[in-house]
Amino acid sequence: MQKMRSKLIGNSVLLIIFAILFSSCQQKTKTYWEVQSVDGNIGLQLYLEDGKLSYSAQIKQGENFIDAIQKSPLGIVRKDVDFTQNLKFVKSSAIKEIDEKYNVITGKNLELHNRAKELTIDFTSPEGQQLQVVLRAYNDGIAFRYVFPENKKGEFVVLGETTGFKLAPGLAWIQPYDDVTKWTPAYEAHYMNEIPIGEESPKKNGWCFPALFKSNSTWVLLSEAGLDGNFYGAHLNPDCKDGLYTIRLPEKDEAEGVYEQFAVSEKLPWASPWRVAIIGNNLNSIYASNLVRHLSPTSRVEDTSWIKPGRVAWSWLSDHDSPQDFGKQKKFVDLAVEMGWEYSLVDANWNTMKGGNIKELADYASSKNIGLLIWYNSGGPHNTVEEMVRDAMHIKEKRRAEFAKLHDLGVKGVKIDFFQSDKPGIMKLYKDILEDAAEYEIMVNFHGCAIPRGWCRTYPNLISMESVRGAECYTFSENYPENAPISNTILPVTRNVVGSMDYTPVLFSNMEMPHITSYGHELALSVLFETGWLHFADKAEAYQELSDAPKNFLKSVPVVWDESHYVTGWPGKEMIIARRRGNTWYVAGINGEKQVKKLNLPFNFLPEGTFNAELITDGESNRSFSTETIEVNAGSNIDLDLLENGGFVMTLTQ
């Protein structure tokens with residue numbers, strides 16, 4: 001009996017040992033990992049098959065999960081090692097939950113909540129070099145990045161990626177990555193409207209981030225975040241056959257050929273930017289997302305009391321030479337006073353000003369309690385634009401001396417233009433400018449630039465960025481007026497999702513290229529688009545001669561929003577957005593098509609109670625206004641008649 005018991009015990013030990021060995025073997029050869037969002041509605045899977053990595057993402061619809069992103073390739077190539085093949089699994093971490101609340105100074109919402117689940121999986125190349133893939137699942141999307149975790153010194157170069165995003169057939173709203181010229185960066189083409197997923201780009205350089213898709217009954221917005229100063233800004237290859245969109249590096253000839261297009265670091269550990277897919281079952285999931293901010297480093301600016309968003313009087317669009325005329329600049333300072341706006345911007349070539357100088361103008365503005373903002377050329381060898389002031393921003397010592405001078409003058413911020421590239425060297429220049437500007441309490445607005453990638457969280461003195469085909473195109477682009485109404489309905493759910501957008505809106509006057517948008521449409525853009533500095537694009541008289549209702553609206557419209565909501569609409573057709581500041585709600589809507597429309601406006605975004613709503617819409621013609629006051633509550637619905645390319649605004653108070 002004792003021998004039998006010993007034999008049984010021995011067999012049990014063997015079984016336990018075998019189970020441990022089997023489990024260990026299974027762990028080492030595991031080919032599938034998954035992390036789900038906190039609410040359990042989004043799943044992100046990683047696969048290792050035949051030494052190659054891939055991933056997929058699903059979203060719950062009803063009781064089932066469907067593919068938001070079908071199985072897509074992953075992999076990154078360093079000069080010293082190829083992490084796209086022959087990989088071996090090493091280990092995976094425990095799933096970590098991220099839960100942080102933070103406040104921002106600009107954006108769709110001031111109080112943000114970053115919640116996600118994160119999983120890190122380690123792999124090794126045949127030569128022993130290490131790669132981690134970090135996965136995050138959010139309630140509104142997924143993100144992943146590559147990490148080289150070893151502690152090493154030397155020169156490490158990333159030559160490219162096989163990263164892709166495979167989408168089921170459907171529709172795309174996507175912007176061609178434009179040819180960089182002396183004057184224009186890559187992000188100033190119109191979004192293509194409702195093209196088939198998988199259609200090749202008309203531009204040899206491919207497609208831009210962010211890119212919006214309606215695929216498999218799911219909405220997906222692709223972009224990137226968490227980009228530091230030693231990695232390239234990516235875009236997408238032109239060939240996206242069968243719906244597979246793949247990462248493309250900056251173009252070699254960007255920035256006058258200055259700077260390498262590859263990513264370079266002098267040491268490890270080192271991480272790539274996050275590749276981001278915002279995912280939802282409705283368009284509001286895309287519009288409302290703050291995923292790009294969540295994935296970016298926390299603020300490096302301790303005291304932010306001097307960072308103040310605001311409305312801006314701006315003379316350049318209506319008169320390109322006006323920055324060289326002291327009297328004309330005083331006129332726009334006076335306009336800011338009359339309208340209750342906080343700032344006035346002095347644009348290019350202000351250093352050649354006649355009738356006064358920048359110090360005198362800064363003193364005059366200060367005496368009127370108006371903050372002065374000043375334009376700079378970012379070049380440097382990376383552009384050949386002659387507009388001044390140039391050669392003051394690309395060298396650290398000169399830049400810091402310039403910021404010190406501006407601080408002493410009382411200048412509040414700078415608009416820096418003509419970056420023309422997503423190369424790592426230019427990405428580092430953005431970061432360096434923001435760091436030095438913060439030290440001298442200077443706010444920054446980038447033009448001729450890359451798209452936002454969450455830098456405004458890390459450097460909250462980044463007030464806005466252009467990277468959009470905005471209203472200045474009325475002065476030089478023949479096809480702009482025809483495309484602008486459609487584009488304006490697309491931008492709130494594409495470009496403006498990833499960060500503040502300096503479109504320079506509300507243009508009533510006709511420039512060289514007359515606009516076909518109505519006055520109501522133009523007025524609505526002040527709310528429809530979010531930006532930390534709202535630059536009003538028209539001449540002073542255009543605002544001063546307005547009737548009381550639209551003029552008072554422009555005097556009171558905020559740029560800081562406690563919350564924002566997509567109400568209804570469809571990109572390329574119409575769009576209605578609601579925002580709250582304090583106890584006041586602002587609603588704006590536009591028609592992007594050449595046909596009169598009747599739109600139904602629900603008020604389900606309102607809290608309890610009755611609100612008085614002042615409605616400003618187009619009059620009998622598209623160059624006039626009509627106003628009325630109504631009472632509404634959260635259960636109300638009203639029908640609005642919009643002219644072709646028309647629009648409206650509404651202010652709601654209790």
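Strand S21, residues 310-314, pairs with strand S27 in the parallel sense, and four bridges join the two. At one point along this pairing, Val312 stands opposite His535 of S27. Keep in mind as you explore that this is a predicted model.

Now look at the whole sheet around that pair. Seven strands form an open sheet with parallel pairing, in the order S26-S25-S24-S23-S22-S21-S27. Which strands stand at the edges? They are S26 (462-465) and S27 (533-536); each has a single partner strand, so one side of each is left without a neighbour in the sheet. From one strand to the next, the twist averages 25 degrees. As a general point, strands of a sheet pair through backbone hydrogen bonds, in either a parallel or an antiparallel way.

A helix joins the picture here. Helix H5 lies across strands S22 and S23, and runs at about 150 degrees to S23.

Here are some of the elements to find in the structure:

| Element | Residues |
|---|---|
| Strand S21 | 310-314 |
| Strand S22 | 343-346 |
| Strand S23 | 371-377 |
| Helix H5 | 358-367 |
| Helix H10 | 519-528 |

Helix H10 deserves a visit of its own. Is this helix enclosed or open to the outside? Of its 10 residues, 10 are buried, so H10 is largely enclosed by the rest of the structure. The buried residues include Tyr519, His521 and Glu522, along with Leu523 and Val527. At the N-terminal end of H10, Ser518 acts as a cap: one of its side-chain oxygens lies 3.3 Å from the backbone nitrogen of Gly520.

Next, find Thr304, in the loop between helix H3 (291-294) and S21. Thr304 is partly exposed, because its relative accessible area is 27%, which falls between the 20% limit for buried and the 50% limit for exposed. Leaving aside residues up to four places away in sequence, Thr304 touches Ile105 and Pro460. Thr304 and Tyr459 are 155 residues apart in sequence, yet their C-alpha atoms are 9.7 Å apart in space.

Finally, step back to the full chain, which has 12 helices and 35 strands. Its radius of gyration is 27 Å, close to the 26 Å that the globule rule gives for 654 residues, so the chain is as compact as a globular protein of that length. Along its principal axes, the C-alpha trace spans about 105 × 60 × 45 Å. Buried residues make up 60% of the 654 residues. Among contacts with a separation of 6 or more, 70% come from residues 24 or more positions apart. The chain exposes about 24900 Å², with carbon and sulfur atoms supplying 48% of it.

Notes. Residues are numbered from 1 along each chain as its sequence is written. This is a predicted model: local features need pLDDT of at least 70, side-chain atom pairs count only at pLDDT 80 or more; totals for chains, interfaces and linings use all residues. Side-chain values use heavy atoms; hydrogens and water are left out. Two strands pair if DSSP finds at least two bridges between them. Axes are lines fitted to C-alpha atoms, for helices over the stretch in contact, and angles run from 0 to 180 degrees between N-to-C directions. Contact means heavy atoms within 4.5 Å. The radius of gyration is taken over C-alpha atoms; the globule rule is 2.2 Å times the number of residues to the power 0.38. Buried means under 20% relative accessible area, exposed over 50%, partly exposed in between (1.4 Å probe, protein chains only). Accessible areas come from the Shrake-Rupley method with a 1.4 Å probe; for residues, only the protein chains shown count as cover. A polar contact is a pair of N or O atoms within 3.5 Å; within protein, one must be able to donate a hydrogen and the other to accept it, and residues adjacent in sequence count only if both atoms are side-chain atoms.
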